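Please open the structure in your viewer and keep the selection tool at hand. The tour below goes from one selection to the next and says what is there at each stop.

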Amino acid sequence: MVSGNTHLTVSLYNHYDFAEMKKAPTGISPIIAIDRRAAKPLHRQVYDAYRTAIVDRSLRAGQRVPSTRILALELGISRIPILTAYAQLVGEGYFESRVGAGTVISRSLPDQVPFSEPRGAQSTKVHVGSRRLSKRGSNVLPIERAPWQRGWGAFGVSQVAFGQFPFQVWNALVTRHCRKAHAKSLDYGDAMGSKALREAIAAYLRTARGVRCEAQQIMIVSGSQQALDISARIFLDRGSRVWMEEPGYRFARNVFAINGCQIVPVPVDYSGLNVAAGIERCRTARAALVTPSHQYPLGVTMSASRRMQLLDWAQNSQSWIFEDDYDSEYRYESMPIASLQGLDSNSRVIYIGTFSKVLFPSLRMGYLVIPPDLVERFQAVRLAMDIGPPSFFQAVLADFIREGHFSRHIRRMRLLYSERRRVLIDCIRKELGFAADVTGGEAGMHLSVTLKGIRDCEVAERASRQNLWLVPLSTSYIGKASRQGFILGFGSTAVEEIPNAVRKLRTILTSM
Ligand SMILES: Cc1ncc(COP(=O)(O)O)c(C=O)c1O
């Protein structure tokens, strides 16, 4: 009879797994096919399975192995052959055993082990002839990690004041929800997201962002990227044309590419997306992606007349508007600008929000506001994609908002960012003078500096060697860049760091 590991029969040793956990964490065993009728003794079968897995590097140094008791239970054999095999593996130096810490794969394996490459790595070298991949996947260009994206500090874009996050409050809420975990909380949730969080978001959006919505229209997603992907699947077909702001948000391009859409770049000026230019280039585009509150990357606010033109175009051409409202909680010189969605009387706007800027990006949480008649469609597509969002952090976030910590955090951060932004603009004026055209500092956590006569990628590369992180403006263009300069984030740059960092930038610019 052949028996194998039974990793999935958890209930079988539930009680005693718990006892094991108290002693030392247990590990995972390789697949061991035990053949009781084979001439090879059981201890040798176990020994060989481990040795093979170590030699072909399926098991790596430091990895934990299961206790003899658990493995005996999994394999359905007595502990004795396992004890014998483990003793031999320890003796030969394949295993290391420490009292109280369990048994691990040895960190200094015997010299005689003829190490092969890990299986995964090997397979990439095998010549397998031509590989047919999907066109939609191949349309996605790898976003290479340029030198200016590799660091932390002045003037990293997409970085918030991480150190100022109310960790104590957050951790207390996380602990509260860990303690509250119960059988039902482990089940699948609603494809749209938790009711409590959707209600909290809807209340916030109605008051702070002028969005017309009810909780039933909110879908929780893993960020703007997923929101856009779901929207693309619902509204766009292969070959559909989509307006994108030029310059615009690079990460959105690939969402359209993977959905087989054609991007139509539409220029942005001081009033936002030039709707007339869009109509001239492609009146029949199916959708437009816009950042009307704080254009990315130039930071301009779309004027009221452009908003009306855009809504009219969408209605007349039966097109859709994806409104990416990623950081407009922070406005410094005026009241926050109401959303485009709030002006739309034809339900043509799909509103996309994210917690990446207002809280922190590793949370991977955002939301969509869906026109009421399309909620079912979105629900069906979401079920096909990933069934729904994970429950735990939704519960934590709902309490964070409901108990007032969210609005308190926004108020605190607005003051902090406002000061950082003021100092940054003063320093740019002082060090770079009027050669620098600064736009977009009225809101958000970045501004743009346009400079004539420079090659922004070269400057950014050199700056990165001095721990200065500048995103070149030219990289936000799909076509030929009509501006050179930098996107400067001030979210994670302390006031005291700013003067020095801008001086460093001036020195680099004058030395090139
Ligand atoms: C224009 C724009 N939209 C959205 C986001 C946030 O994306 P996500 O919610 O996927 O983190 C960013 C982040 O930098 C952004 O710049």
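Select Ser356 together with the ligand: an N or O atom in the side chain of Ser356 is 2.7 Å from an oxygen atom of the ligand, and, as this is a predicted model, that distance is a computed one. Taken alone the ligand exposes 400 Å², of which the protein buries 93%.

Next, add Asp324, whose side chain places an N or O atom 2.6 Å from a nitrogen atom of the ligand. With Ser224, turn on the backbone display, since here a polar backbone atom is 2.7 Å from an oxygen atom of the ligand.

Now widen the selection to the residues surrounding the ligand, which are Ser158, Gly223, Ser224, Gln225, Tyr249, Tyr296, Asp324, Tyr326, Thr354, Ser356, Lys357 and Arg364. If you colour this shell by residue class, three of its residues are nonpolar, six are polar and three are charged. With a surface drawn over the protein, you can look for the largest pocket, in which the ligand sits.

Leave the ligand and move to residues 446-451, which form strand E15. This strand belongs to an open sheet of four strands, ordered E14-E15-E17-E16 and paired antiparallel. At the edges of the sheet are strand E14 (436-439) and strand E16 (471-472), each of which pairs on one side only.

Finally, show E14 and E15 together: the two run antiparallel and are joined by four bridges. Strands of a sheet pair through backbone hydrogen bonds, so a backbone display suits this last view. Select Thr439 and you will find it opposite Ser448 in E15.

Technical notes:
Residues are numbered from 1 along each chain as its sequence is written. This is a predicted model: local features need pLDDT of at least 70, side-chain atom pairs count only at pLDDT 80 or more; totals for chains, interfaces and linings use all residues. Side-chain values use heavy atoms; hydrogens and water are left out. A residue is near a molecule or strand if one of its heavy atoms lies within 4 Å of it. A polar contact is a pair of N or O atoms within 3.5 Å; within protein, one must be able to donate a hydrogen and the other to accept it, and residues adjacent in sequence count only if both atoms are side-chain atoms. Accessible areas come from the Shrake-Rupley method with a 1.4 Å probe; for residues, only the protein chains shown count as cover. On a 1 Å grid over the protein atoms alone, a cavity is a set of points where a 1.4 Å probe fits but cannot get out, and a pocket is an open set with protein on both sides within 12 Å along at least five of seven lines; lining residues have an atom within 4 Å of a point. A molecule sits in a cavity or pocket if more than half of its atoms lie within 2 Å of its grid points. Ala, Val, Leu, Ile, Met, Phe, Trp, Tyr, Cys and Pro count as nonpolar, Asp, Glu, Lys and Arg as charged, and the others, Gly among them, as polar. Two strands pair if DSSP finds at least two bridges between them.
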